[in-house]
Amino acid sequence: MKMKVMVAIDESDGSLYALKWALDNLFNVMATDAMDGTTSENEEGMVFLVHVEPNFHTYAYPIPMGPAAVYPSTPKVGDSLKKAQQEKSAAIASRALQMCKDKQVKAESVILNGDAREMICQATEKMQVDLLIMGSRGLGKLKRAFLGSVSDYCAHHAKAPILIVKPPEDHHKKH
């Protein structure tokens with residue numbers, strides 16, 4: 001069975017738990033069959049690891065000392081912050097790719113820029129995935145009301161079936 005699955009990843013434990021769940025529960029059987037030689041390459045599944053960086057604005061930054069003031073950002077500061085953001089995204093993608101490699105699952109990482117909710121929904125449609133898997137950050141009602149839930153938005157707007165993986169209760173207590 002050839003299945004194209006997209007897993008939305010970020011630095012949260014919830015997204016990495018969702019990826020682990022997908023690898024253990026969806027792709028474990030396919031990897032085992034491939035090792036036995038019973039699955040052709042065309043029948044293997046594929047995981048697309050999607051990470052979305054927020055749009056980077058370099059207009060101004062606050063100075064924590066002295067009176068409340070905002071100073072224009074210099075190109076050097078903006079470039080430095082953008083580079084740090086790209087390195088963080090690359091590290092997240094690398095960690096997720098290694099998890100797939102360890103389970104012998106074919107994977108590609110995609111790093112997008114923009115609003116995570118919209119970019120994930122657009123990517124599911126563009127890549128024509130069979131399933132979108134997301135972790136649950138476990139936001140409380142108040143935080144979800146103010147921040148909005150990426151998984152909730154995607155559940156209502158993605159053009160693919162979506163599976164939201166919630167980590168077990170003891171998983172939150174460990175971290």
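I take contact to mean heavy atoms within 4.5 Å, and I read angles from 0 to 180 degrees between N-to-C directions. With that settled, I looked up helix H1 (residues 13–25) in this predicted model. H1 lies across E1, strand E2 (46–53), E6 and E7. Its direction makes about 135° with E6.

**Entry: confidence**

I checked the pLDDT before going further. The protein chain averages 80, and 69% of the residues score at least 70. By element, I found the highest mean, 96, in strand E1 (residues 4–8). The lowest mean, 52, belongs to strand E3 (residues 60–62). Where pLDDT is low, predicted coordinates should not be read in detail. I left E3 alone.

**Entry: overall layout**

I listed seven helices and seven strands for the protein chain. From the N terminus, I noted the order β-α-α-β-β-β-α-β-α-β-α-α-β-α. The protein chain has 175 residues, and 35% of them are buried. I then turned to contacts with a separation of 6 or more: residues 24 or more positions apart account for 76% of these in the protein chain.

**Entry: the sheet**

In which order do the five strands of the open sheet stand? I read E5-E2-E1-E6-E7, with parallel pairing. Strand E5 (107–113) and strand E7 (162–165) stand at the edges. Each has a single partner strand, so one side of each is left without a neighbour in the sheet. Ignoring direction, I get an average turn of 25° between neighbouring strands of this sheet.

I went through some of the pairings next. E2 and E5 run parallel and are joined by seven bridges; Val 47 stands opposite Ala 107 in E5. E1 and E2 also run parallel, with five bridges between them. Here I noted Val 7 opposite Leu 49 in E2. E1 pairs with strand E6 (residues 131–135) in the parallel sense over three bridges, and the bridge partner of Val 5 in E6 is Leu 131.

**Entry: strand E2**

How many of the eight residues of E2 are buried? I counted eight of the eight, so E2 is largely enclosed by the rest of the structure. Both faces are covered. On one side I have Met 46, Phe 48, Val 50 and Val 52, and on the other Val 47, Leu 49, His 51 and Glu 53, all buried.

**Entry: H4 against H6**

I looked up helix H4 (residues 116–127) and helix H6 (residues 150–157), which pack at an angle of about 40° with their axes 9 Å apart. The crossing of H4 and H6 is right-handed. From H4, the contact is made by Ala 116, Arg 117, Glu 118, Ile 120 and Cys 121. From H6, I listed Val 150, Tyr 153, Cys 154 and His 157. Sorted by character, the residues of this contact of H4 with H6 are six nonpolar, one polar and two charged.

**Entry: Ser 151**

I stayed in helix H6 for Ser 151. Is Ser 151 buried or exposed? The relative accessibility is 11%; buried means under 20%, so Ser 151 counts as buried. I left aside its neighbours within four places in sequence and found Ser 151 in contact with Met 134, Gly 135, Ile 162 and Ile 164. Of these, I placed Met 134 and Gly 135 in strand E6 (residues 131–135), and Ile 162 and Ile 164 in strand E7 (162–165).

Definitions and conventions. Residues are numbered from 1 along each chain as its sequence is written. This is a predicted model: local features need pLDDT of at least 70, side-chain atom pairs count only at pLDDT 80 or more; totals for chains, interfaces and linings use all residues. Side-chain values use heavy atoms; hydrogens and water are left out. Helices (H or I, at least four residues) and strands (E, at least two) are DSSP runs, numbered from the N terminus. A crossing is left-handed if the near helix is turned anticlockwise from the far one by less than a right angle, and right-handed if clockwise. Ala, Val, Leu, Ile, Met, Phe, Trp, Tyr, Cys and Pro count as nonpolar, Asp, Glu, Lys and Arg as charged, and the others, Gly among them, as polar. pLDDT is the predictor's confidence in each residue, from 0 to 100. Two strands pair if DSSP finds at least two bridges between them. Buried means under 20% relative accessible area, exposed over 50%, partly exposed in between (1.4 Å probe, protein chains only).
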